[in-house]
Amino acid sequence: MATVGIVAALGVPRIINGYGTNTRLSGGMMAPEVVAAMAEAARFCVEMHHLQAAASRAISEATGAEAGIVTAGAAAALMLGAAACMARLDPARMNRLPDTAGMPDEFLVIRSQRNMYDRALRAAGGRIVEVGIPDRFSGPGVRDASAGELAEAITDRTAAIFHLAGEQAEPTLPEVARVAHARGIPVLVDAAAQLPPADNLRRFIAEGADLVCFSGGKAIGGPQASGILAGRRDLVGSALVQMLDLDLPETQFVAPAEFAPLNQLRFLPHHGIGRAAKTGKEEIVGLIVALHRFAAEDPAARTARWAARLKALEGAAPRAALVPDGAKPGLPLLELRFADATAAARADAALRARNPAVHLDASRIRRGVLAVNPIALDDADLPLLAEALRDCCA
């Protein structure tokens, strides 16, 4: 197993992470060049809006968006995006958030897309208005919300439409964007976990998103506490200025060209609602390097690298099968199939009781299935993981 160093010195048990880039399990692994870039960044000082401008150039190249910033995770990107949709380029509104008196503060959300992360909209001061009835999920029918229902729900209180990206999302993003843009309403997309495939970096902007959020610490391979907010230059600029340290004389702040709309502000707002989610120079630089690396890598080579890890484990457990992740094209999984849910739960508990503990994807445990996700595995751990599977999954 790889040397644990400081983790062992702190007395923190190290685990084998076959679950994936799960935040509870500390995310995934960063490539050596990402780690080196972060270490280098820790040894110099810059003005943060200039560093975010550099990040914007990298994000724009990768996503096709007008601008982008690095945030403290995808949830922070959602909160900042929501704040931008409500305040726009009005510094008085920025100063008031999360008090939304006198400004549009409603986010239309398809009821079937409600999830625990949309709390970020409310953290910024927004109010969620649910639209539609998800009969296709509850069982009485096949329908979900329609674009027409969304259009009907838009009022002068609507700040944005929130769209949770996913293959099952209805109505589709192009339909949502058409309805929203006809009324001058932005669309905020949560695509935190929609990588791979790498094509999704550009897909949501191309389909009409005004703002899109990605996690930096999942498939991109950046720092765990990093995310991306990409989209319209005015909205991204609003999000940025609500996160920056603005304790300086107003005349000293000149927005870089990447965030030129900020030069239109009537006055400079005070520290914004996003100061609680500030991003450090180390995370920004690490994310830039990781994004370049992810965008440049051949998707087939990435899939082959992940598949090779799983093939090294394939014979360690009976009834193991290499399958594609249906929700993430390009990501292979190793499914471990058991007689029933009880047998799967017994194996899962035995794996977690080992030293080091082994964590697998148990999202399908009710069907008697555990899965090994290769993204967060250390190649040096594969022999230990194979031994654990042989011992616990027979």
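Where is A160 found? A160 sits in strand 5, which spans residues 158–164. The model is predicted. This briefing covers two helix pairs, a one-sided helix, two buried alanines and some backbone features.

**A160 in strand 5**

- A160 is buried, because its relative accessible area is 0% and the cut-off for buried is under 20%.
- Setting aside neighbours within four places in sequence, A160 contacts C85, E106, F107, L108, I185 and P186.
- V109 is 51 residues from A160 along the chain, and their C-alpha atoms are separated by 9.2 Å.

**A124 in a loop**

- A124 belongs to the loop between helix 6 (119–123) and strand 4 (127–131).
- A124 has 0% relative accessibility, so this loop residue counts as buried.
- Its contacts, not counting residues up to four places away in sequence, are M79, A82, A83, M86, L97, P98 and I273.
- M79 is 45 residues from A124 in sequence. In space the two are 5.6 Å apart, C-alpha to C-alpha.

**Helix 3 with helix 12**

- Helix 3 covers residues 48–63 and helix 12 covers residues 281–296.
- Their axes lie 10 Å apart and pack at an angle of about 20 degrees.
- Angles under 35 degrees count as roughly parallel, so helix 3 and helix 12 are roughly parallel to each other.
- The crossing of helix 3 past helix 12 is left-handed.
- Helix 3 brings M48, L51, Q52, A54, A55, A58, I59, E61 and A62 to the contact. Helix 12 meets them with K281, I284, V285, I288, L291 and H292.
- By type, the residues of this contact are 11 nonpolar, two polar and two charged.

**Helix 14 with helix 15**

- Helix 14 runs over residues 341–352, and helix 15 over residues 382–392.
- The two axes come within 10 Å and cross at roughly 135 degrees.
- Helix 14 and helix 15 are therefore oblique to each other.
- Helix 14 passes helix 15 in a right-handed crossing.
- A347, A350 and L351 make the contact from helix 14. A388, L389 and C392 make it from helix 15.
- The residues of this contact are six nonpolar, no polar and no charged.

**The buried side of helix 15**

- L382, L385, A386, A388, L389 and C392 are the buried residues of helix 15.
- They lie on the same side of helix 15, because they cover an arc of only 160 degrees around the axis.
- As background, an α-helix has 3.6 residues a turn, so residues three or four places apart point the same way.
- The buried residues of helix 15 pack against two helices by name: helix 13 (299–311) and helix 14.
- They also pack against strand 1 (15–18), strand 10 (332–337), strand 11 (357–360) and strand 12 (369–372).
- A388, L389 and C392 appear both in this buried set and in the contact with helix 14.

**Cis peptide bonds**

- What kind of peptide bond runs from L195 to P196? The bond is cis, with omega near -5 degrees.
- P196 is placed in the loop between strand 6 (187–190) and helix 10 (200–206).
- N355 and P356 are also joined by a cis peptide bond, with omega about 0 degrees.
- P356 lies in the loop that links helix 14 to strand 11. Helix 14 contacts helix 15 through A347, A350 and L351, and strand 11 is among the elements packed against the buried residues of helix 15.

**Positive phi outside glycine**

- S26 is not a glycine, yet its phi is positive, at about 75 degrees.
- S26 is in the loop between strand 1 and helix 2 (32–41).
- Is S26 buried or exposed? S26 is exposed, because its relative accessible area is 54% and exposed means over 50%.
- Q224 is 198 residues from S26 in sequence, but 7.2 Å away in space, C-alpha to C-alpha.
- R319, a residue other than glycine, also has a positive phi, near 55 degrees.
- R319 is located in the loop between helix 13 and strand 9 (320–324).
- R319 has a relative accessible area of 48%, so R319 is partly exposed.

Notes:
Residues are numbered from 1 along each chain as its sequence is written. This is a predicted model: local features need pLDDT of at least 70, side-chain atom pairs count only at pLDDT 80 or more; totals for chains, interfaces and linings use all residues. Side-chain values use heavy atoms; hydrogens and water are left out. Axes are lines fitted to C-alpha atoms, for helices over the stretch in contact, and angles run from 0 to 180 degrees between N-to-C directions. Helices (H or I, at least four residues) and strands (E, at least two) are DSSP runs, numbered from the N terminus. Angles under 35 degrees count as roughly parallel, over 145 as roughly antiparallel, 65 to 115 as roughly perpendicular and the rest as oblique. A crossing is left-handed if the near helix is turned anticlockwise from the far one by less than a right angle, and right-handed if clockwise. Contact means heavy atoms within 4.5 Å. Ala, Val, Leu, Ile, Met, Phe, Trp, Tyr, Cys and Pro count as nonpolar, Asp, Glu, Lys and Arg as charged, and the others, Gly among them, as polar. Buried means under 20% relative accessible area, exposed over 50%, partly exposed in between (1.4 Å probe, protein chains only). The arc is that of the directions from the helix axis to the C-beta atoms.
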